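Student: I want to learn how to read charged pairs in a model. Where do we begin?
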Amino acid sequence: MAKAPAGGFGRGPDGGPGDRSGGKSGDLPDDLSDGLLILAASPNASGTTMRLARLAAAGAAEAGRSCGLVSLHGLHLSGCTNCGACARAPHACPKAARDGSADIYARIRAAGHVLWISPVYFYGLPAQAKALVDASQHLYMAALHGALAPARGRMTALFAAGRPKGARLFDGSRQTVRYFAEALRCPLAAACGLRGLDAPGDIAPQTARAVTALGRALAAGEEFCAGAFADAGLEELLPPA
């Protein structure tokens, strides 16, 4: 089976969270049933999304919980081709095991909580992330026919946009991830947006603290109050329309 590029976040040599994104999936913790899985849904391995992922992972480390990272960087996801195979039992996708998407879906469904982080491209998701979403059609079909059990945990989404303005800047990403989560039977519990982050250097100290607090709360199984970080520019996007 093809494996997703992944990095495991544990304790680094300096006592902080260690990471190796874009590496082999062998360094991802095997069991995150009571931990946090961070999905960096960006094609850029060293951009804003990865910086936010590392901040959230640092928070999980502070909480003393297991945390792992899966990055879409380097994956060649082909998306759904509407071949119709998943409409028939056992509702399987013939390509999912080849491109690494099956491994990602399994990790999402097995995690205690999932933090999806992605940039906003043209008011939506990057191509790799959208391909991952589209190819989950077989899981939607399995759920539709009562052949897919509920996932272990829930999902939270964090979207980072380079644009500072736009009344509906996050709507496309939020709705797409919402229905992706439903297809995996891993409900979207919350979604937040950050504006004006065109590069990692645009992440202000108060924003970094907010994202670290988000990772810490999710890893510990606690509620996260975005309103407490209004100075960080963290927008609460749920409930969805």
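Tutor: Begin with the term. A salt bridge is a side-chain nitrogen of Lys or Arg within 4 Å of a carboxyl oxygen of Asp or Glu. Side chains of opposite charge can pair when their charged atoms come close. Keep in mind that this model is predicted.

Student: How many salt bridges does the structure hold?
Tutor: Eight. We will take three of them in turn, beginning with Arg 216 and Glu 62.

Student: How far apart are the closest N and O atoms of Arg 216 and Glu 62?
Tutor: They lie 2.4 Å apart. Now look at the positions in sequence. Arg 216 belongs to helix α7, residues 205–219, while Glu 62 belongs to helix α1, residues 48–62. The two residues are 154 residues apart, and their pair links distant parts of the chain.

Student: Are these two buried or exposed?
Tutor: Use the cut-offs: buried is under 20% relative accessible area, exposed is over 50%, and partly exposed is in between. Arg 216 has 33% relative accessibility, so it counts as partly exposed. Glu 62 has 51%, so it counts as exposed.

Student: Which residue forms a salt bridge with Asp 99?
Tutor: Lys 95 does, and the closest N and O atoms are 2.6 Å apart. Check the burial here too. Both Asp 99 and Lys 95 are buried.

Student: And which residue pairs with Asp 171 in a salt bridge?
Tutor: Arg 168, with 3.0 Å between the closest N and O atoms. Asp 171 is partly exposed, because its relative accessible area is 24%. Arg 168 reaches 59%, which means exposed.

Student: Let me leave charges. How do I read the surroundings of one residue, say Thr 49?
Tutor: Place the residue, then list what touches it. Thr 49 is found in helix α1. Its relative accessible area is 4%, so Thr 49 is buried. Leaving out residues up to four places away in sequence, Thr 49 touches Ala 40, Ala 41, Ser 42, Ile 117, Ser 118 and Pro 119.

Student: Now the whole chain. What share of the residues is buried?
Tutor: Of 241 residues, 51% count as buried. The accessible surface comes to about 10,700 Å², and carbon and sulfur atoms hold 51% of that surface.

Student: Which helices and strands make up the chain, by number?
Tutor: Seven helices and eight strands. Then read the contacts by separation. Among contacts with a separation of 6 or more, 79% come from residues 24 or more positions apart.

Key:
Residues numbered from 1 in each chain as written. Predicted model: local features only at pLDDT ≥ 70, side-chain atom pairs only at ≥ 80, totals over all residues. Heavy atoms only, no water. Helix = DSSP H or I, 4+ residues; strand = E, 2+ residues; numbered from the N terminus. Buried < 20%, exposed > 50% of the residue type's maximum accessible area, 1.4 Å probe, protein only. Contact = heavy atoms within 4.5 Å. Areas by Shrake-Rupley, 256 points an atom, 1.4 Å probe, with all protein chains shown as cover.
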